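Got the viewer open? Here is a route through the model, stop by stop, with something to select at each one.

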Amino acid sequence: MNQEHRDYEFIIVGAGASGCSVASALARSKRRPSVLLLEAGDSNEDPSVRVHGNMYTQNTNSTQNWGYKSTPLPQANNRQISLDRGKGLGGSTAINFTFWTRGPRDEWDELARLTDDDAWKWENTERRFGQIEGYRHLIEPGTGAERYCTHGPDAYGTSGPLRLCSQSTKWSGDLAETTDVWESCGYPMNTDSSTGNPIGLQVCPLTGHLGTRSTAADLLRDAPGNLYVRTDSIVHQVMFEDSRASAVKLANGTTITATKEIILCIGALDTPKILMQSGIGPAEQLSKFRISVVHYNEHIGRNLRDHYYVLMLFAAREDASEALHNAPATGGAAMGFFKDEGALSSSEFQTLTDKERGRLGLPTGPTWEIAHDGARVRPGLEHMGPTSQITLFILNSQGLGDVKLRSANPSEPPLVQPGFLEHPWDKRIAVDSTRECLRVMEHPASSKRRDRSIAHICPKSSSEEDILEFWRDNLTSTWHMMGTCKMGRVEGQDGACADTAFKVFGVQGLRVADLSVLPLLPSVHTQTYAYQIGMIAAEKIISDYGLST
Ligand SMILES: Cc1cc2nc3c(=O)[nH]c(=O)nc-3n(C[C@H](O)[C@H](O)[C@H](O)COP(=O)(O)OP(=O)(O)OC[C@H]3O[C@@H](n4cnc5c(N)ncnc54)[C@H](O)[C@@H]3O)c2cc1C
């Protein structure tokens, strides 16, 4: 085993949204501690991997994606679902679809209540967003776009390192029309979702600017010399002296020592895997693979939750994509976050816990989402001619999955079994929301560009049976996995594996600061939560070690 000569005060593993946030804030703190950021993938520096126009396809670049797959899922007709995870500086933010959703203020406040910590309160998360956002307002007055986006340039932070932009310099007629169609069908407009209320039709910002994707790696720009970033460094194990995390062991056998703490930020699938490989996890997993026990915790790897979606494709009369594709920032999806009010009085609702019922009732928390994009000819589907696509997401999915070890070999991917479409609540939302999408496509307002007689990919009918079969054939992950190392006030209570300061129970010197720790599944896209987790963890570490004085 090679022992590296140099020690670091802090070692952060994983350079995604959360890892870059922790590393950047710790390294810039007044005391300038030595911080090593270890990332398995490469630097992602090549400009070709930053083309914002590839926002929906960057995840197909196999060098940037771990390429995990689920186990065959009976509730998805035994299909193995792609569980994309980004690799390289920026992590999943380097391959994601770039939608920036600040989330519901009520859910941030609920996180503050669950953790008994005001750091999570909306007013504090709003302040932190302001610190990292570098928003550019591209809505041009006089183009009609103001009707869809009433906020000004200051709704978001403007001087942070993470470039964001409003969706398009040219407001495509089709994008506006698509939004109008939903409005004609009774859905409300939300012209400013920066305020902590995502409900309604909106055009949310994207993480990119003037054709270039922004990623979490942008937080590392101009970092001081006490931040050491090392790519192509796969961590296999955390090493312990007694029960104190003291070093990490890399795939090449090198060990590197941390004198203060090790912080795992490798995402909700790899974090439980590495914890188990390091001897922290359920007894059954540790004994099955003969891993020396450091601390038993039956909940590591359990409570996996995620959003999932289906795509529906309908014929369109003409290709309206020209304006969008020629714009420096592409996008062109009319988005909508909606609450299924009917489901809130359903029998399926009654099957939920009091806690979950309370959460679903929060005024700003949506239950389903659509991204309805412009009519266009799609690569690989040219034979269909122009099509219009609805992506339909279930946001508060209740099914719990798990992450287990595949073998004792840390190079093997984890064994992941998501709990998609298992819970009656999920089925209820899938049926209600799919019927709504079909209703919108049937509405006379849709007829201007859509050829309503042809649906290429959609349920055979609006019967419950056909809709659920459609979901089983088509559902896939939204890659918003979380919850596999939940935090809580007491070990084991509600599945808690780490305390509310992110410290892993039962050991010292080890924190988890990524989406694994979230005790509730956000009702919007998750990159914003991963950045917040990193920033909040950094605030706690800085305070614990007096690094700001
Ligand atoms: C295809 C796709 C589309 C998405 N679209 C959106 C979207 O539009 N909007 C949105 O808000 N969210 C989106 N997301 C989700 C969002 O990007 C993630 O929730 C967020 O990036 C998670 O942050 P994280 O820090 O927890 O993990 P990640 O960003 O995944 O970072 C984890 C890092 O750890 C590294 N790592 C893993 N194992 C090891 C190891 N053993 N040793 C060293 N390093 C390791 C990885 O290589 C990676 O760089 C999308 C995700 C994907 C995959």
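Before you click, one definition: helices (H or I, at least four residues) and strands (E, at least two) are DSSP runs, numbered from the N terminus. Keep in mind that this is a predicted model.

**Stop 1: a pair of annotated spans**

Select residues 86-109 and 267-281, where UniProt, in an unreviewed entry, places the feature "domain: Glucose-methanol-choline oxidoreductase N-terminal". Start with 86-109: that span is 21% helix and 0% strand, and its end C-alpha atoms sit 29 Å apart. Now switch to 267-281, which is 73% helix and 13% strand. Here the end C-alpha atoms lie 16 Å apart.

**Stop 2: zoom out**

Show the whole protein chain as a cartoon, and you should find twelve helices and 24 strands. Along its principal axes, the C-alpha trace spans about 70 × 45 × 45 Å. What radius of gyration does the chain have, and does a compact globule come out higher or lower? The chain has 23 Å, while a compact globule of 549 residues would have a value near 24 Å, so the two agree.

Colour by burial next: buried residues make up 54% of the 549 in the chain. For the contact map fans, take contacts between residues at least 6 apart in sequence: 75% of them join residues at least 24 apart.

**Stop 3: the domains**

Give each domain a colour. The domain assignment puts 8-46, 216-304 and 483-544 in domain 1, and 99-213, 308-396 and 421-474 in domain 2. Their C-alpha centres are 31 Å apart. How many residues of each domain are in contact with the other? On the domain 1 side 20 residues take part, and on the domain 2 side 27. The domain 1 side of that contact, sorted by class, holds eleven nonpolar, five polar and four charged residues.

**Stop 4: the ligand**

Select the ligand and expand to the residues around it: 41 residues surround it. The closest are G14, G16, G91, N96 and H525. Elements giving two or more residues to this shell are α1 (17-28), α5 (267-277) and α12 (527-544). What is the shell made of, by class? There are 16 nonpolar, 19 polar and six charged residues in it.

**Stop 5: the "binding site" residues**

Now pick V235, W479 and H480, which UniProt lists under "binding site" in an unreviewed entry. They span 246 residues in sequence, and the farthest two C-alpha atoms are 22.5 Å apart, so they do not all gather at one spot.

Centre on V235 in strand β11 (residues 235-241). Is V235 buried or exposed? With 24 other C-beta atoms within 10 Å, V235 is buried, because the cut-off for buried is 20 or more. Leaving out neighbours within four places in sequence, V235 is in contact with V13, L38, V248, L250 and I274.

Jump to W479, in the loop between β23 (476-477) and β24 (510-512). W479 also counts as buried, with 25 C-beta neighbours inside 10 Å. Setting aside residues up to four places away in sequence, W479 touches L83, D84 and S92.

**Stop 6: S82**

Select S82, found in strand β4 (residues 82-83). S82 has 14 other C-beta atoms within 10 Å and is partly exposed. Which residues does S82 touch, not counting those up to four places away in sequence? They are K69, T476 and S477. Then draw a distance line from S82 to T215: these residues are 133 apart along the chain, and their C-alpha atoms are separated by 22 Å.

**Stop 7: unusual backbone angles**

Open the Ramachandran plot for the last stop. Most residues other than glycine have a negative phi.

R32 has a positive phi of about 50 degrees although it is not a glycine. Look for R32 in the loop between α1 and β2 (35-38). R32 is partly exposed, with 15 other C-beta atoms within 10 Å.

Then go to D222, another residue other than glycine with a positive phi, near 60 degrees. D222 is in the loop between β9 (212-213) and β10 (227-230). With 7 other C-beta atoms within 10 Å, D222 is exposed.

Technical notes
Residues are numbered from 1 along each chain as its sequence is written. This is a predicted model: local features need pLDDT of at least 70, side-chain atom pairs count only at pLDDT 80 or more; totals for chains, interfaces and linings use all residues. UniProt positions are given in the numbering used here, feature names are shortened, and annotations may be inferred rather than shown by experiment. A residue is buried if 20 or more other C-beta atoms lie within 10 Å of its own, exposed if 12 or fewer, and partly exposed in between; C-beta atoms are placed from the backbone. Two residues are in contact if their C-beta atoms, placed from the backbone, lie within 7 Å. Domain bounds come from an automatic or database domain assignment. Ala, Val, Leu, Ile, Met, Phe, Trp, Tyr, Cys and Pro count as nonpolar, Asp, Glu, Lys and Arg as charged, and the others, Gly among them, as polar. The radius of gyration is taken over C-alpha atoms; the globule rule is 2.2 Å times the number of residues to the power 0.38. A residue is near a molecule or strand if its C-beta atom, placed from the backbone, lies within 6 Å of it.
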